[in-house]
Amino acid sequence: MSYARVAALALAALLANGGSATAERLIASLTNHHVMITSNYTGVELVLFGSVERDAASAGRHAPYDIVATITGPREPLRTRRKQRVLGIWVNTAARTFVDPPSYLAVLTSHPLDAITSAENERRLQLGIANTPLPELINNDIGEVGNDPFRAALVRLMRERGLYSEQPNAVTFLTPTLFRAAISLPAQVPIGSYTVDVKLFADGNLIAHTDSAFEIVKVGFEQFVVNAAREHGLLYGLATALMALFTGWIASVAFRRD
Amino acid sequence: MQIFLPIADIPVNVFLVLAMGLAVGFISGMFGIGGGFLMTPLLIFIGVQPAVAVASVTTHVAASSFSGAIAYWRRNAIDVTLALTLLAGGIVGSAGGVALFTWLRAQDQLDLVIGLSYVTLLSIVGVLLVGESARAIIRARHGKPAELRRPGSHIWFHGLPLKLRFKRSKVYVSAIPVLVIGFIIGFIGAIMGIGGGFLLVPMLIYLVRVPTATVIGTSLVLTFLTMVAATVLHAATNHLVDAVLALILMVGGVIGAQFGAHAGQRIRGEWLRLLLGLLVLAVGLRFAVQLVLKPEDLYSIRAIGGSR
């Protein structure tokens, strides 16, 4: 364990001193940096692609590379509630507030995480959903709760909705140095900025990392409706009510029988 | 054809929502009710958050009741004074309902209260309707004349102060019970996303002695006015009204209502009430089962903060 740790620390120090000192350089990009939500939006797929650039020092390396790509959506406070039977009916009796959990979290890897690096590294580098911090609000204090059923429920429910996922083997190497991965975003993903963090591993050690980002925005009519509803609630309500009255009036004229 | 609903934040099939609008519209036209108590659960069932469903259905009911009210207006079957008095109570009730709605949402208890209100209200109304119509059917079988329910008898609260003459309905009663009824309808409507016509009509007939000639038209006027108020209040406070969803619903709803009204005229009144009673009971039962059965998942999550 200590060997991996020392190596990782040495590497981190090297990275901090400037990327030029590292042997490998990681380059990654996305097919699309702007996802537009229009009225026929039903989800979208982005492709992350990249390559590992080797120099003279690393040209002889034989160990295969591994990629861990973490896509994190906009953060938003969330409440997890638990039901309990009270007088025969099921009622929400307990709740926890999570301060800023990502609204979308996908961990795409070229192999299962445990096969890529050590558990120690996973924890330290916060790889995978289990190692992602999800701080809770506890009596006006913010902190991590170990072994928390509310946290487990949050992760499980987000997984069921397709918002959290761990996808081993989602990253494929086309050549020993060229890789691609498909990021599928279901229709219910929230709008906002997403970050894509890509880490390169070899022999269980982090040797390079890079990041990218994309944005999901509502455009056109969708954008207009959402803005109107949020910024000008009263006007929006009046307009909606007028629309209802107009529809009702049209119907009464169209179907008039006398 | 899928369409992305901007406020509900989910894609839905336009034809599915349109068909739901048509079906509920058909039922509402047939029985002369708004149909909110059917539409809200259906929307929740296809994945719309309860809060958005309730808020958007108020807009849908506003449209369908307005088209109904115009038809009654042409037949001069509306008591404007009565409708406006009910409305005065109704607007206060709507504001109170929207405020309670907002508070309950913050307490994580909104879904429970919506469920409980549906169970309580629908079982009571369902049982009353089924009982009353079954008795009427049995009487008709025995060849007895239908019971005439228009006694001039007074109930104690008719004598309260602030007496008003409702000319079109030919009743002279205190405004207080009328205001209270308006308040109750507005309050319940805002929380449950229903127009409350199926409550208001019996209340006006049995408690205020409004004749059947004006009761439905007047009830429709109150329904559309309170639903318009609820739409505006929901939009201004909770930002939950999905105009796109509401538009699809109301287009289906107003068309369905025309065919429903046609079908309704071919069925005898007491059978119609029996059918409605059974329908109301079935929806109530569905909510009761949901509350009593152990949920598949004891946990649920809800985004807090404004962005969603």
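Q: Leaving aside neighbours within four places in sequence, which residues is Leu276(B) in contact with?
A: This is a predicted model. Leu276(B) sits in helix 10 of chain B, residues 269-292. Set aside its neighbours within four places in sequence, and its contacts are Phe31(B) and Leu129(B).

Q: Is Leu276(B) buried or exposed?
A: A residue needs 20 or more other C-beta atoms within 10 Å of its own to be called buried. Leu276(B) has 22 C-beta neighbours inside 10 Å, so this residue counts as buried.

Q: How many residues apart in sequence are Leu276(B) and His60(B)?
A: In space, their C-alpha atoms are 20 Å apart. Along the sequence, the separation is 216 residues.

Q: Which residues of strand 12 of chain A point to the buried face?
A: Strand 12 of chain A covers residues 178-185, and its side chains alternate. Leu178(A), Arg180(A), Ala182(A) and Ser184(A) point to one face and are not buried. The other face holds the buried ones: Phe179(A), Ala181(A), Ile183(A) and Leu185(A).

Q: What is the bridge partner of Val44(A) in strand 12 of chain A?
A: Strand 3 of chain A spans residues 44-54 and runs antiparallel to strand 12 of chain A, with 8 bridges joining them. Val44(A) has as its partner in strand 12 of chain A the residue Leu185(A).

Q: How many residues lie between strand 11 of chain A and strand 12 of chain A?
A: Strand 11 of chain A, residues 171-175, pairs with strand 12 of chain A in the antiparallel sense over 4 bridges. Thr172(A) stands opposite Arg180(A) there. The two strands form a hairpin, and the number of residues between them is 2.

Definitions and conventions: Residues are numbered from 1 along each chain as its sequence is written. Chains are lettered from A and ligands numbered from 1 in the order in which they are written. This is a predicted model: local features need pLDDT of at least 70, side-chain atom pairs count only at pLDDT 80 or more; totals for chains, interfaces and linings use all residues. A residue is buried if 20 or more other C-beta atoms lie within 10 Å of its own, exposed if 12 or fewer, and partly exposed in between; C-beta atoms are placed from the backbone. Two residues are in contact if their C-beta atoms, placed from the backbone, lie within 7 Å. Two strands pair if DSSP finds at least two bridges between them.
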